Amino acid sequence: MPELYAYTDGACSGNPGPGGWGVLMVAKEGSSVIKTRDLSGGTVETTNNQMELTAAIMALEALEKPSKITIVTDSSYVKDGITKWIFAWKKNGWKTAAKKSVKNEELWKRLENATQIHDVSWEWIKGHAGHLENERADELARNGMEPFKN
């Protein structure tokens, strides 16, 4: 069975402003890539964090059946949010420790929902550090944003 990876990234011109998300889906057997798939999109008014979350959501929602997948992101916000912070947010009625509403609550709920049907591992990598798959995800995110820029 191939190993699945989704390299995800978000981009925003201004914050908020027009934004895009990108995903490079990769299926590997051993060290050999057997299949790749590009996903991207964007919107007119968003934030970088919203696009980072959307990229991870779209990667999981693109899977046609329950799968084991590693999401590779350069967003510690996404990785830490879904693997650490979300438990306290839910316990506290979607409030932060400072008793403020959690930003992007609907996207967090959608991401959590998408993780329920898959076996998801999360990996953080440094962005813009020459990692080829992450650079491709960044390019897809910037391309997704392009139609929404003035």
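These questions and answers walk through a predicted model.

Student: Which residues have the most contacts inside the largest nonpolar core?
Tutor: This core holds 29 residues. Strand 2 (17-29), helix 1 (48-61), strand 4 (68-73), helix 2 (76-91), helix 3 (105-116) and strand 5 (119-124) each give two or more residues to it. Those with the most contacts inside the core are W108 and L111.

Student: Which element gives the most to this core?
Tutor: Helix 1 spans 48-61 and is among the elements with two or more core residues. It gives seven residues. The element that gives the most is helix 1.

Student: Which residues does W108 touch, not counting residues up to four places away in sequence?
Tutor: W108 is one of the two residues with the most contacts inside the largest core. Its partners include L53. The others are Y77, V78, G81, I82, I86, W89, W94, V102 and K103.

Student: How many residues are in the second, separate core?
Tutor: Among its members are Y5 and V72. I125 and A137 belong to it too. The second core has seven residues.

Student: Is helix 2 roughly parallel or roughly perpendicular to helix 3?
Tutor: The two axes come within 11 Å. They cross at roughly 100°. Angles of 65 to 115 degrees count as roughly perpendicular. Helix 2 is therefore, relative to helix 3, roughly perpendicular.

Student: How many nonpolar residues does the contact of helix 2 with helix 3 have?
Tutor: Helix 2 brings Y77, V78, G81, I82, I86, W89 and K90. Helix 3 brings W108, L111, E112 and T115. By class, two residues are polar and two are charged, and the nonpolar ones number seven.

Student: Where is the residue that follows the cis peptide bond from N15?
Tutor: The cis bond runs from N15 to P16, with omega near 20°. Most peptide bonds are trans. P16 lies in the loop between strand 1 (3-12) and strand 2.

Student: N104 has a positive phi; is this residue buried or exposed?
Tutor: Phi of N104 is about 65°, although N104 is not a glycine. The residue sits in the loop between helix 2 and helix 3. Its relative accessibility is 17%, and buried means under 20%. So N104 counts as buried.

Student: H128 also has a positive phi; is H128 buried or exposed?
Tutor: Phi of H128 is near 55°. H128 lies in the loop between strand 5 and helix 4 (132-145). Relative accessibility is 59%, and the exposed class starts over 50%. So H128 counts as exposed.

Student: Which backbone oxygen does the side chain of H118 reach?
Tutor: H118 is in the loop between helix 3 and strand 5. It is buried, with a relative accessible area of 9%. A polar atom of its side chain lies 3.1 Å from the backbone nitrogen of S67. At 3.3 Å, the side chain reaches the backbone oxygen of L60.

Student: What separates the C-alpha atoms of E133 and T8?
Tutor: E133 lies in helix 4 and is partly exposed, with a relative accessible area of 23%. Leaving aside neighbours within four places in sequence, E133 is in contact with Y7, L24 and K28. E133 and T8 are 125 residues apart along the chain. Their C-alpha atoms are separated by 8.9 Å.

Definitions and conventions: Residues numbered from 1 in each chain as written. Predicted model: local features only at pLDDT ≥ 70, side-chain atom pairs only at ≥ 80, totals over all residues. Heavy atoms only, no water. Core = buried A, V, L, I, M, F, W, Y, C linked by side-chain atoms within 4.5 Å. Buried < 20%, exposed > 50% of the residue type's maximum accessible area, 1.4 Å probe, protein only. Helix = DSSP H or I, 4+ residues; strand = E, 2+ residues; numbered from the N terminus. Contact = heavy atoms within 4.5 Å. Axes fitted to C-alpha atoms, helices over the stretch in contact; angles between N-to-C directions. Parallel < 35°, antiparallel > 145°, perpendicular 65-115°, else oblique. Nonpolar A, V, L, I, M, F, W, Y, C, P; charged D, E, K, R; others polar. Polar contact = N/O pair within 3.5 Å; in protein donor to acceptor, adjacent residues only side chain to side chain.
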